[in-house]
Amino acid sequence: MAAEQPLEVAVVLTTGSVSASGSTTARLSLAEYLQYSDGGDTRYELVAGELVPMALPTGRHGQIVDFLNTAFRSEIRRQGLPWTSQPMAIGIQSPRGNRWDTVRIPDVVVLLLQQWQEMGSREALIRLEDPPPLLVVEVVSESSRAADYRAKRAEYCVLGIGEYWIVDPLEEKVSLLLLHEGWYDLLELKGSERVPSKVFAGLELQAGEILAADLGYSGKATGS
């Protein structure tokens, strides 16, 4: 949910210079980004070396994230899968082709439980050389619309992430992107249309149900 607008910060970087006023649009290395703190609670993505603050989500945004994370965890438990679902907790290093690093923080990430546990003693970051997550979800906001539909789609595709959901409460639709022969096939869903996930093949979720974010969801699935 980052706003894709670089932040001007007064810092001295090993990778660049600072203007006479002491202010610069910072370009950070990956190592500098992982160590960066502004002393507050703001979280940042890194886009081509620049800090991009993650906007405070709306209540509906948070409800959708909570709903999906709950649904995914319920299905993981039901099937006894060695996976976990984590909301807004994991960075993914992007393969963007320039000298500056990019790190995305998806709204929901489903990955192997062992991979998550290995992050217990280090930063929660999936690097380029690591196995990609099984599924990522982005919930669209006004500030993140372009990045969610374009930049992240390309980046997640190159990383080999097999399934990407774009949940758009602005357009009242869910876009399911499934990796096929090096690119994402797109399926847009609305209302009572079921989301035919490949990762969670037994999960019965309708687009409208996701957008409504009914926290009374009980973990419905085919075969349960």
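Me: Which residue in β4 is the bridge partner of Leu-46?

Reply: Leu-51 is the bridge partner of Leu-46. A caution before going on: this is a predicted model.

Me: What makes β3 and β4 a pair of strands?

Reply: Two strands pair if there are at least two bridges between them. Strands β3 (residues 44-47) and β4 (residues 50-53) have 4 bridges, in the antiparallel sense, so they meet that cut-off. Another facing couple is Glu-45 and Val-52.

Me: Where does a positive phi occur in the hairpin of β3 and β4?

Reply: At Ala-48, with phi near 50°. The hairpin has 2 residues between its strands.

Me: Which way do the residues of β3 point, and are they buried or exposed?

Reply: Tyr-44 and Leu-46 point one way, Glu-45 and Val-47 the other. All are buried. In a regular strand the side chains alternate between the two faces of the sheet.

Me: Why is Tyr-33 called buried?

Reply: Its relative accessibility is 11%. Buried means under 20%, so Tyr-33 qualifies. Tyr-33 sits in helix α1 (residues 30-35).

Me: What is Tyr-33 in contact with, leaving aside its neighbours within four places in sequence?

Reply: From β3, Tyr-33 touches Tyr-44, Glu-45 and Leu-46. Leu-51, the bridge partner of Leu-46, is also in contact with Tyr-33. The other contacts are Leu-28, Val-103 and Ile-105. Val-103 is 70 residues away along the chain, yet the two C-alpha atoms are separated by 9.0 Å.

Me: How do you know that the span of α4 agrees with a helix of 15 residues?

Reply: Compare two values. At 1.5 Å a residue, α4 (residues 145-159) should span 21 Å. The end C-alpha atoms are 20 Å apart, so the span agrees. There is still a kink of about 40° in α4, centred on Lys-152. After α4 comes Gly-160, with a positive phi near 80°.

Me: Why does Lys-152 count as buried?

Reply: Lys-152 has 0% relative accessibility. The limit is under 20%, so Lys-152 counts as buried. Other buried residues of α4 include Asp-148, Arg-153, Glu-155 and Tyr-156.

Me: What makes the link between Lys-152 and Glu-138 a polar contact?

Reply: The two side chains are joined at 3.4 Å. The cut-off for the N or O pair is within 3.5 Å, so the distance fits.

Me: Which residues touch the most other members of the largest nonpolar core?

Reply: Leu-68, Phe-72, Val-137, Trp-165, Val-167, Phe-200 and Ile-210 do. This core has 28 residues. Elements giving two or more residues are α2 (59-79), β8 (108-112), β10 (135-139), β11 (163-168), β12 (173-180) and α5 (207-212). The largest share, 7 residues, comes from α2.

Me: What is Phe-200 in contact with, leaving aside its neighbours within four places in sequence?

Reply: Phe-72, Glu-75, Ile-76, Trp-83, Val-110 and Leu-135. Apart from the largest core lies another, of 16 residues, among them Ile-90, Ile-126, Cys-157 and Tyr-164.

Me: How many helices and strands does the protein have, taken whole?

Reply: There are 5 helices and 13 strands. Of the 224 residues, 46% count as buried. Among contacts between residues at least 6 apart in sequence, 55% join residues at least 24 apart.

Methods. Residues numbered from 1 in each chain as written. Heavy atoms only, no water. Expected span 1.5 Å × (residues − 1). Bend = angle between axes of the 7 residues up to and from the residue. Buried < 20%, exposed > 50% of the residue type's maximum accessible area, 1.4 Å probe, protein only. Core = buried A, V, L, I, M, F, W, Y, C linked by side-chain atoms within 4.5 Å. Contact = heavy atoms within 4.5 Å. Polar contact = N/O pair within 3.5 Å; in protein donor to acceptor, adjacent residues only side chain to side chain.
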